[in-house]
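Colleague: I would like to test the vocabulary used for this structure. Show it to me, and then justify the words one by one.

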Amino acid sequence: MTTGATLTAVGRPLTRVDGPAKVTGSGRYSAEYTLPGTVYAALVGARTACGRITDIDTRAAENADGVLAVLTHRNLPKIAGPPHLLPSLAGHAAPGESFFPMQDEAVHYFGQPVAMVIADSYERAQFAARQVHAHYERSASTTTLDEGRDQAYEPEAIFAGFLPARSVRGDVAAGFQAATQRLEATYHFAANHHNPIEPSATTAVWDGDRLTLYDATQGIVASQNTVAALLGVPPSKVRVHAPFVGGGFGCKAMIWPHVTLAAMAARHVRRPVKLALTREQMFTSCGHREEQEQHLEIGATDDGRLTALRHHKLSLTSPFDDWAEPSLSIASQAYACPNYEGVYRLVRSNTMTPTFTRGPGETTGMYALECLMDELAYRIGVDPVQLRLRNHAEADPNTGHPWSSDGAHECYRRGAARFDWQSRNPEPRSRRDGNWLIGTGMATAGYPVFFPMQPQRARARLYADGSAVVQCGTQEFGTGSATAMTQVAADGLGVSLENVRFEYGDTDLPNVAATVGSAGAGMISAAVHTAATTLRDQLIEQAIADPDSPLHQADPAAVVVHAGRMELRDRPASGESYRDLMQRHFMTDMDALGSWSPPPPNVPYGLATFGAQFAEVAVDPDLGIVRVRRMVGAFAPGRILNARTAHSQAMGGMLWGIGQALLEGTVVDPRDGRWANASLGEYLVPVNADTPDVAIEFVEVTDTVVNPLGVKGLGEVGMVGAAAAIANAVFHATGYRARELPIRIEHLL
């Protein structure tokens, strides 16, 4: 197979192919599938953080109008096997936590489902759910870091078992002895919740022993395999649809209990069941970014070269899983520090298992590191950009392997130039605009490049009229993947964009892994490109073997395809169209299945995406109000598939950095373990009024390692470093170092 397709569609700022369906409302989301006979389920959550149910009174709910059933631990069937026995791999079974509710009377966290009401309307189900009264024998609970600090432990592994809890290189003690500058700080991060526009929802319907799910998920295959395993049925008996998903940010990456509960309810009442979580339930049902504390120590020479880095993280996990987002990965790789120690410690608490949240881990880990790097720059009198350039790792410091591609230096240079960094007076509180104190700051961005563990597949079919359909069992949740894959398919086949349709959102299509960790664009494009170029090459081979073709006995490597026409590269007049070839052979269509196998885990390269973030803030010294005035981000994500959607992804991440820095924090009430601000009225996120001018620079670097098109991913890295740049700008404006997020008004007064 040849892989040197001419890329004319890839990279263009094509408008979204799914845009008209979303704008007109014709695109249906999971909660909008109302099948004949559909009934509605509503969950009842526990009202305590820890204990056991001593009694649950369902009589009033059962007697309410329209109620078909009330399920509790007393009558809900047992699952086929405990979730922790399932392989938690993206694309395979991926339960959100190794606990399934309503199997016994134990309560582990506030909001844990203890009952499910099924009724003939959504309103009746919600009303009846409020008539269920559970009584508890309460036990002592742990809901905050401070409550459980003395019970912290170091696990063997974190992040669903994929990463070791301790990582060491060099001799950290010797590195600190060699340092002439030493700084340390502790940073505290409030818990964060995802809050996509579309709350999670599942519509389940059984046809005999076959189950169909319409699920709001970032991984339709993960939904299929997880539900099948929990119900004890073959995955071939479960089909999942997710044509439109209204945002995910990680909360729809793992498969949470409500999906299987919807299927169990549908089997119980023998009718289609729709289960849609309320906004409040989104805070207790789909994971979150955990409350955490990070302690950093850095040693450096007087010119700012790092000699030692110690980075310890303490965070809350659930009673049953050793989960921590991997906050220390890029922080351990971004700089050429020879001596490093990274340690995760956990506190078991009465919360559900935390999960991926946009830029998982790296947003918090790089916040801590980049704020302390800024302190080092001020202490030794070195420009913060120059300090990063001086310490940038030219190879992966953990392995010594060269980067598959880098681009960090160009990101610093172009970002600084776009921001006009060189005109900055580094003295804190040196610039005013009326009463506002003005500050500027910067930080490094970075995110690992992840690979799925199994082959990724897609199918391409070309019809005799010149149109093409490319299919892949993925899902579109706002990233623009359907649009970008249309472009990849068009270039791979060598046909015009208007002749390509990309089909997705169905597990009956060739499977790919869940789209998490910025891996989606790389793995899906690799599968689509492979399928398209395989089909293209089959057609070229057929033309070469055909005595009636102008390309008969031509060298396949000399044939190119443009606008559906195969022709010789040096003699374009010698050639023919796909249509001519297929009609001559009485073919109505031709297809090919493409399978792409990711690089092995021991590939001898460092794998990361780098960037640089810059921010300007204005701070009112009397009121403590912070306004972000402008931001610049420069990123090197490999090949850009669509300039428009890539820009949107980067901008979305940067704006979320405003939320991380200044607004977002979920507060727990330790009396009962309840999230006290579980609504969009009290959990603050950036809105249009908070949005500054945002400029984005893309540094396209060639990467021949990660996948056929050199796509490294962009969804996560746009958020990494944004909050640190803002916090460093707040210091420049006010002289205040933010060691707690979000930065609140009272911190600045």
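Colleague: What makes strand β5 (residues 113–119) mostly covered?

Modeller: In β5, 7 of its 7 residues are buried. Buried means under 20% relative accessible area (exposed is over 50%, partly exposed in between; 1.4 Å probe, protein chains only). This is a predicted model: local features need pLDDT of at least 70, side-chain atom pairs count only at pLDDT 80 or more, and totals for chains, interfaces and linings use all residues. Residues are numbered from 1 along each chain as its sequence is written, and side-chain values use heavy atoms, without hydrogens and water.

Colleague: How do you know which strands pair with β5?

Modeller: Pairing needs at least two bridges found by DSSP between two strands. β1 (residues 39–45) has 6 bridges to β5, antiparallel. β3 (residues 67–72) has 5, also antiparallel. On the β1 side, Tyr40 stands opposite Ala119. On the β3 side, Thr72 has Ala115 as its bridge partner. The strands themselves are DSSP runs (E, at least two residues), as are helices (H or I, at least four), numbered from the N terminus.

Colleague: Why is Asn350 called buried?

Modeller: Its relative accessible area is 11%. The limit is under 20%, so the word applies. Asn350 sits in the loop between β17 (340–348) and α10.

Colleague: What does Asn350 touch?

Modeller: Leaving out residues up to four places away in sequence, Asn350 touches Ala49, Cys50, His108, Tyr109, Ala140, Ser141, Thr142, Thr143 and Pro319. A contact is heavy atoms within 4.5 Å. Asn688 is another matter: it is 338 residues from Asn350 along the chain, and their C-alpha atoms are separated by 35 Å.

Colleague: What makes a set of residues a nonpolar core?

Modeller: Its members are buried Ala, Val, Leu, Ile, Met, Phe, Trp, Tyr and Cys, joined through side-chain atoms within 4.5 Å. The largest one here has 147 residues, and Met116, Tyr367 and Ile726 touch the most other members. Helix α10 (residues 362–380) gives the largest share, 10 residues. Another core lies apart from it, with 54 residues, including Phe244, Ala468, Ala527 and Met590.

Colleague: Which residues does Ile726 touch?

Modeller: Not counting residues up to four places away, they are Ala615, Val617, Val628, Met631, Gly657, Ile658, Ala661 and Leu662.

Colleague: Why is α10 called roughly perpendicular to α11?

Modeller: α10 and α11 (residues 384–391) pack at about 110 degrees, with their axes 9 Å apart. Angles of 65 to 115 degrees count as roughly perpendicular (under 35 roughly parallel, over 145 roughly antiparallel, the rest oblique), so α10 and α11 earn the label. Axes are lines fitted to C-alpha atoms, for helices over the stretch in contact, and angles run from 0 to 180 degrees between N-to-C directions. Glu370, Met373, Asp374, Leu376, Ala377 and Ile380 in α10 meet Pro384, Leu387, Arg388 and Asn391 in α11. Those residues divide into 6 nonpolar, 1 polar and 3 charged.

Colleague: Why are β22 and β26 placed at the edges of their sheet?

Modeller: The order is β22-β21-β20-β26, an open sheet with mixed pairing. β22 (500–503) and β26 (589–596) each have a single partner strand, so one side of each lacks a neighbour in the sheet. Neighbouring strands are turned by 15 degrees on average, direction ignored.

Colleague: How do you know that β21 and β22 pair, and in which sense?

Modeller: β21 (residues 468–471) and β22 share 4 bridges, in the parallel sense. One of the partnerships is Ala468 with Val500. Helix α13 (residues 481–493) lies across both strands, at about 130 degrees to β22. Helix α14 (residues 520–545) lies across β20 (456–463), β21, β22 and β26, at about 135 degrees to β26.

Colleague: What makes β23 and β25 edge strands?

Modeller: The order is β23-β24-β25, open and antiparallel. β23 (559–562) and β25 (575–577) each pair on one side only. The twist averages 20 degrees from one strand to the next. β23 and β24 are joined by 4 bridges, and form a hairpin with 2 residues between them; in the turn, Ala563 has a positive phi of about 55 degrees. β24 (residues 565–568) and β25 have 3 bridges. Their hairpin has 6 residues in between.

How values were computed
Nonpolar A, V, L, I, M, F, W, Y, C, P; charged D, E, K, R; others polar.
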